[in-house]
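Please look over the sequence and the structure below before reading on. The paragraphs that follow go from one part of the chain to the next.

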Amino acid sequence: MGAHTFFTRANGEDVKSAFSDAVEDAQYHYGQGGYTGTIAEKTSFTRIPDDEVGDTDPAEYASQLIDEQDSRIDSKWGPAGCIHVEEDTYLFFGWASA
């Protein structure tokens, strides 16, 4: 099987609840059988520090990390990347099995 990149925005009281909600929503819409190519395949995330992202658009920075094959998020079996967007909104991204 292959891999697809995904980008998912989610809201939550904190990053853990946002991640959990994003995974549950993707499982509802795409199934729980594996190989959806979505965040439904992820069990964890790696938070990218705010000061690393700086003033760069979060989606652009996430794309840059994917393009550069950043070791923190460069595995369809590993954690999703996470960037804090604003207040209670987070961007989850990375590779997922498809």
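A useful place to enter this predicted model is K42, which touches F6, F19, V23, S75, K76, W77, G78, P79, A80 and W95, not counting residues up to four places away in sequence. K42 belongs to the loop between α1 and β2, and its side chain reaches the backbone oxygen of K76 at 3.2 Å. Although K42 is buried, it has no salt bridge, since the nearest side chain of opposite charge, that of E41, is 8.7 Å away.

One of the residues touched by K42 is G78, which is found in the loop between α3 (58-67) and β3. With a relative accessible area of 17%, G78 counts as buried because the cut-off for that class is under 20%. From G78 to A98 the separation is 20 residues in sequence and 14 Å in space, C-alpha to C-alpha.

Two further contacts of K42, F6 and F19, lead into the largest nonpolar core, which has 15 residues and in which F6, F19, I39, Y90 and F92 have the most contacts. Two or more residues of this core come from each of β1 (3-11), α1 (15-30), β3 (80-86) and β4 (89-97), and α1 gives the most, with 6 residues. Apart from this core lies another, of 10 residues, among them I66, I73, I83 and L91. In soluble globular proteins, nonpolar side chains tend to be buried together. Within the largest core, I39 can be followed in detail: leaving aside its neighbours within four places in sequence, I39 is in contact with F6, T8, F19, A22, V23, A26 and F92.

Strand β3 also holds G81, which is buried, with a relative accessible area of 0%. Not counting residues up to four places away in sequence, G81 touches T46, I73, L91, F92 and F93. G81 and K16 are 65 residues apart in sequence, yet their C-alpha atoms are 13 Å apart in space.

How are the buried and exposed residues of α3 arranged around its axis? In α3, P58, Y61, A62, L65 and I66 are buried, and because they cover an arc of only 140° around the axis, they lie on the same side of the helix. On the other side of α3, E60 and D67 are exposed. An α-helix has 3.6 residues a turn, so residues three or four places apart point the same way. The buried residues of α3 pack against β1, α2 (50-53), β3 and β4. At the start of α3, a side-chain oxygen of D57 comes to within 3.2 Å of the backbone nitrogen of A59, while just after α3 the residue Q69 takes a positive phi of about 55°.

Backbone angles of this kind deserve a closer look. Most residues other than glycine have a negative phi. Y35, which is not a glycine, nevertheless has a positive phi of about 60°, and it is found in the loop between α1 and β2 (45-47), where a relative accessibility of 43% makes it partly exposed. E87, likewise not a glycine, has a positive phi of about 25° and is found in the loop between β3 and β4; at 73% relative accessibility, E87 counts as exposed.

Technical notes: Residues are numbered from 1 along each chain as its sequence is written. This is a predicted model: local features need pLDDT of at least 70, side-chain atom pairs count only at pLDDT 80 or more; totals for chains, interfaces and linings use all residues. Side-chain values use heavy atoms; hydrogens and water are left out. A nonpolar core is a set of buried Ala, Val, Leu, Ile, Met, Phe, Trp, Tyr and Cys residues joined through side-chain atoms within 4.5 Å. Buried means under 20% relative accessible area, exposed over 50%, partly exposed in between (1.4 Å probe, protein chains only). Helices (H or I, at least four residues) and strands (E, at least two) are DSSP runs, numbered from the N terminus. Contact means heavy atoms within 4.5 Å. Lys and Arg count as positive and Asp and Glu as negative; His and the chain ends are not counted. A salt bridge is a side-chain nitrogen of Lys or Arg within 4 Å of a carboxyl oxygen of Asp or Glu. A polar contact is a pair of N or O atoms within 3.5 Å; within protein, one must be able to donate a hydrogen and the other to accept it, and residues adjacent in sequence count only if both atoms are side-chain atoms. The arc is that of the directions from the helix axis to the C-beta atoms.
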